[in-house]
Each structure stands twice: as C-alpha cells, then as structure tokens.
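Work through the exercises below with the sequence and the coordinates at hand. Each task is followed by a solution in steps.

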Protein chains: 2
Amino acid sequence: MQYPILLISSSAVHGYGYLECNKDAIKALVKDINSPVLFVPYAAARSEWDSYTDKVRTFFKTLDMDVVGIHTLPHENVLDDFGVIFIGGGNTFRLLHTLQQQDLLGDIRKTVLSGKIRYMGSSAGTNMATRSICTTNDMPIIYPANGFDALNLLTCQVNPHYLDPEPDGTHKGETRDQRLAEFHQENDITVIGLREGAYINIHTDFATTRELCIGGINGAKIFVKDKAPYEAPVNEKFVLE
Amino acid sequence: MQYPILLISSSAVHGYGYLECNKDAIKALVKDINSPVLFVPYAAARSEWDSYTDKVRTFFKTLDMDVVGIHTLPHENVLDDFGVIFIGGGNTFRLLHTLQQQDLLGDIRKTVLSGKIRYMGSSAGTNMATRSICTTNDMPIIYPANGFDALNLLTCQVNPHYLDPEPDGTHKGETRDQRLAEFHQENDITVIGLREGAYINIHTDFATTRELCIGGINGAKIFVKDKAPYEAPVNEKFVLE
C-alpha cells in the first residue's frame with residue numbers, strides 16, 4: 001500500500017489562476033484532513049517566504065483550509081501536527097539546498113512513507129518527490145552541498161513543465177527531448193515529462209512506487225533509456241518500466 | 001595585459017554550419033599559432049568524444065589547422081604543446097564533473113593566464129571560462145562533487161543561448177530573464193546574456209578581466225543585480241559593472 005501523493009507540473013497554467021487548473025485533484029488529496037496545510041516556501045527567495053505563504057493561503061481558503069509556513073515554526077518535530085505537506089515551486093536548487101541545510105529530507109520522507117502526512121508538490125516540489133533533481137529545468141543558482149538526491153518517494157524522475165519539441169524552431173539551444181536524452185546518457189532511470197496542467201497521482205491502493213495515474217490536462221510523455229518516448233495513459237493506473 | 005579569450009554563445013546558429021557564424025573571430029584568435037588545436041570534448045557523452053573531435057577537426061581544416069582530442073593524450077603536461085585550447089559545448093554539468101575528476105581546472109586556468117595558451121569556448125565551454133556554471137541552461141544530469149566553480153578567466157557570468165522573453169508565450173515555465181533574476185536573488189555577479197551568433201572577445205591589450213568586446217551577430221544583454229538589464233555595446237571595448 002502506498003500513501004497519497006499528488007505531483008503537479010505547474011501551479012501556473014495558461015488560462016487558470018494559481019493552482020486552479022488542478023483544484024479537483026487537490027481537493028481529493030486533502031479530503032478529511034483536519035489540520036492546516038504545512039507549506040514549504042523554500043524554492044523562493046528568503047525575502048518572499050511570507051508573501052508566498054499568503055498566496056498559498058488564499059488558494060486553500062477556497063477549500064476551507066488554513067496554511068502554515070514551515071519557516072514560522074520551531075524546527076523540532078515540525079511535521080507532527082499536520083496531515084498534508086505542500087512543497088511549492090520556484091528554484092529546485094535553492095529548495096534542495098535549504099532542505100539539506102535544515103536537515104529535513106529524511107524526516108519528510110519517513111513521515112510520508114509512514115502514512116502520517118500526505119504529500120503535494122508543484123514544479124520544484126514535484127522534482128523533490130522523485131529520485132533526484134537531475135531532471136529539473138531550473139538554473140543552478142546555488143550549490144546543494146550534499147548532492148542532487150531528493151526524497152525518492154517515487155523511484156523515477158519527473159520533468160515538470162514538459163514542452164514538446166517545436167519542429168520549426170530557429171533557436172539552437174537544446175530541446176527538452178535532447179536534454180532528457182543527455183540525462184539518459186548518464187543515468188538509467190525512467191523520466192515522466194509532465195506537461196503544464198497535468199499531474200501524477202499515487203493512490204493509497206497502489207501496490208508499488210512504480211504504479212501511477214496521470215490526470216489533469218495535457219498529459220505526459222514517458223522517457224525510458226534507449227527506447228522511443230511514448231504517451232502515458234491518462235486517468236488510469238499504469239506501471240512504469 | 002590580458003590573454004586572448006574567445007567565448008562563443010553557440011556553435012550552432014540558425015542558417016550557418018558548425019562554428020561558421022563566428023569563423024572570422026576564430027581565425028583571428030588562432031592567427032600565427034603553429035600547433036594543432038587542443039580540443040576538450042568532455043561536455044559530450046564519453047561514447048561521442050572521438051566523433052565530436054572529428055567534427056571539430058573538419059571545421060579547423062578549413063583554417064589549415066589540425067585538432068587533437070585531449071582524451072587521446074597522456075594526462076601529464078597535456079597543455080604544454082598547444083597554443084590554443086577549445087572547450088566545446090554539450091552538457092555543462094558533465095563537462096565540469098569531468099574536468100574536476102581529471103584535475104584539469106587549475107592547470108588550464110594557470111596556463112591561459114600565463115599567456116602560454118589561448119582559450120576558445122562555445123556554449124558549455126563558454127560557461128566554463130566564467131566564475132561558475134551557475135548561469136548555464138543545461139540539465140543537471142550529473143553532480144559535480146567539488147562545487148559549481150569554473151575557470152574564472154573572466155570574473156562575471158555568461159548565459160549562452162540567451163533568449164529574449166516572448167511577450168505572448170503561453171508556456172508558464174520561467175523565462176530566461178526570470179531565471180537570471182533568481183540567480184541575482186542569491187548572487188551579486190554581473191551576467192552577460194549572450195544571444196546565439198554573438199561572442200565575447202578579450203583582447204591582449206585589455207587591462208582587466210572586466211574589459212570586454214561583444215562581436216558577431218545578435219548582441220548581448222547585461223544583467224546587473226538590482227538594475228534594469230541593458231543592451232551591451234557591440235564591436236567596441238566596454239567595461240563591465
């Protein structure tokens with residue numbers, strides 16, 4: 001049995017307000033939770049932690065839930081009083097660096113896997129739930145001194161904000177598919193290219209961390225080393241290679 | 001007095017063959033050099049080092065110069081017999097990781113600054129000439145265990161393949177300008193956003209590592225922390241803030 005995890009590609013989707021595109025899935029994740037949401041704003045700059053938390057609070061108010069920023073709490077047993085943790089987007093390197101500095105990675109992983117807390121991530125927070133941050137799109141603005149390993153709640157990689165190649169593009173920087181091919185030159189781990197508007201759901205009745213369900217809009221493409229990428233099934237359970 | 005450095009944004013420019021867009025600048029850099037070009041293919045996958053070197057050899061043949069891949073030589077005093085080193089593009093994390101593993105960063109820096117070898121970089125090889133790889137666009141496919149510091153031949157940052165924001169874009173992933181703003185939230189170092197087709201030249205008569213000349217096509221935008229970005233002058237010396 002797995003524990004509920006919701007990994008959103010992007011909090012901002014063209015034509016939708018903040019997190020609104022995936023509101024139904026968020027509502028399902030937080031169902032019957034009686035605590036506030038524990039929000040982790042560490043992907044943003046330190047000066048923005050309060051305002052970022054306010055933005056998240058405004059969203060969850062529409063679901064009748066309060067939000068507490070993890071940066072406002074004492075460090076000791078910080079996860080104990082919450083039924084759901086939400087790690088928001090921003091810069092993935094900054095997020096990992098801060099979680100390493102605060103020695104939070106082990107505690108978050110343990111608490112999610114024990115079933116005591118449900119996990120919601122968006123963008124950088126989605127990268128954080130996977131094996132490593134090695135498939136982030138972000139700029140390496142800060143060095144995470146303890147490596148690129150993330151929470152490993154699912155044993156694959158995610159590339160959020162996945163963008164299909166533009167056949168007629170004149171810009172010669174690598175396409176996303178080329179970058180993921182470079183990743184597979186050095187690593188043999190499956191990558192989910194999660195388009196904006198899509199999310200990954202792990203349900204409680206799934207048996208392993210390789211069982212997933214893609215929901216939302218726009219879907220996802222699956223990249224397996226040395227194979228042609230393929231479109232993920234949507235709204236049904238499938239098992240990753 | 002500085003030593004000749006040529007930093008190209010991209011070897012591939014729309015409408016041009018490999019390195020052809022900046023051929024005049026390359027010709028000027030290698031003028032009167034009697035050795036082959038020492039080529040560093042480490043931004044590519046190991047299986048591609050030979051074919052990558054062949055591609056570079058084909059280009060330099062048009063300038064009547066031979067090319068030797070650094071991976072084909074014994075490690076000891078590998079820089080001694082060459083008048084110019086070219087570090088090619090690919091993945092910046094892989095390049096830095098390999099240079100760290102082979103303990104080459106200190107030797108390359110010392111040899112360029114002593115005037116014994118001229119430096120040419122393209123894309124990842126351009127990032128490598130700057131303070132750090134913190135403004136690369138590449139995916140972090142491999143962890144450089146000794147940090148993100150690069151050769152520091154010029155004391156600023158470069159963002160190669162710089163792309164101006166698209167005002168009507170519907171994709172909500174960060175624009176390049178937003179990524180550079182995130183860099184400046186954590187670092188106070190000037191960044192040169194070098195558009196494809198443009199290059200940075202350091203001439204021998206420049207007095208400091210903050211004197212530069214932007215050449216080629218498409219130009220560059222300069223990003224200074226807490227200031228509005230501005231267009232760099234082209235084809236004339238200017239001094240970075």
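The exercises treat a predicted model, moving from the chain interface to a sheet and then to a salt bridge within a helix.

**Exercise 1. The extent of the interface**

Task: State how many residues chain A and chain B each give to the contact, and how much area they bury between them.

Solution. Step 1: count the residues on either side; chain A supplies 43 residues and chain B supplies 43 residues. Step 2: take the buried area, which is about 3,500 Å² between chain A and chain B. Step 3: divide that area by atom type; carbon and sulfur atoms account for 57% of it.

**Exercise 2. Polar and charged pairs across the interface**

Task: Find how many salt bridges and how many residue pairs in polar contact cross the interface of chain A and chain B, and test the pair A:Asp138 and B:Arg179 against the salt-bridge cut-off.

Solution. Step 1: the rule gives four salt bridges across the interface of chain A and chain B. Step 2: for A:Asp138 and B:Arg179, the closest N and O atoms are 3.3 Å apart. The cut-off is within 4 Å, so the pair counts as a salt bridge. Step 3: the polar contacts across this interface comprise 21 residue pairs, with both residues at pLDDT 80 or more.

Step 4: locate the elements on the side of chain A that touches chain B. Those giving two or more residues are α3 (92-101), β6 (157-162) and α6 (176-186) of chain A. Of the elements, α6(A) gives the most, with seven residues. Step 5: sort this side of chain A by class, which yields 17 nonpolar, 16 polar and 10 charged residues.

**Exercise 3. The sheet of chain B**

Task: Give the strand order of the eight-stranded open sheet in chain B, name its edge strands, and describe how β1 and β5 of chain B pair.

Solution. Step 1: the order is β3-β2-β4-β5-β1-β8-β9-β12 in chain B, with mixed pairing. Step 2: β3 (67-69) and β12 (237-239) of chain B each pair on one side only, and these are the edge strands. Step 3: from one strand to the next, the twist averages 25°. Step 4: β1 (residues 5-8) and β5 (residues 118-122) of chain B run parallel in their pairing, over four bridges. Within β5(B), B:Ser122 is the bridge partner of B:Ile8.

**Exercise 4. A salt bridge within a helix**

Task: Where do A:Arg57 and A:Asp54 lie, and how far apart are their closest N and O atoms?

Solution. Step 1: both A:Arg57 and A:Asp54 belong to helix α2 (residues 49-61) of chain A. Step 2: they are three residues apart, about one turn of the helix. Step 3: their closest N and O atoms are 2.8 Å apart, and the two residues form a salt bridge. Step 4: over all chains, the rule counts 24 salt bridges.

Key: Residues numbered from 1 in each chain as written. Chains lettered and ligands numbered in written order. Predicted model: local features only at pLDDT ≥ 70, side-chain atom pairs only at ≥ 80, totals over all residues. Heavy atoms only, no water. Contact = heavy atoms within 4.5 Å. Buried area = accessible area lost by both parts, 1.4 Å probe. Salt bridge = Lys/Arg side-chain N within 4 Å of Asp/Glu carboxyl O. Polar contact = N/O pair within 3.5 Å; in protein donor to acceptor, adjacent residues only side chain to side chain. Nonpolar A, V, L, I, M, F, W, Y, C, P; charged D, E, K, R; others polar. Pairing = 2+ DSSP bridges. Axes fitted to C-alpha atoms, helices over the stretch in contact; angles between N-to-C directions.
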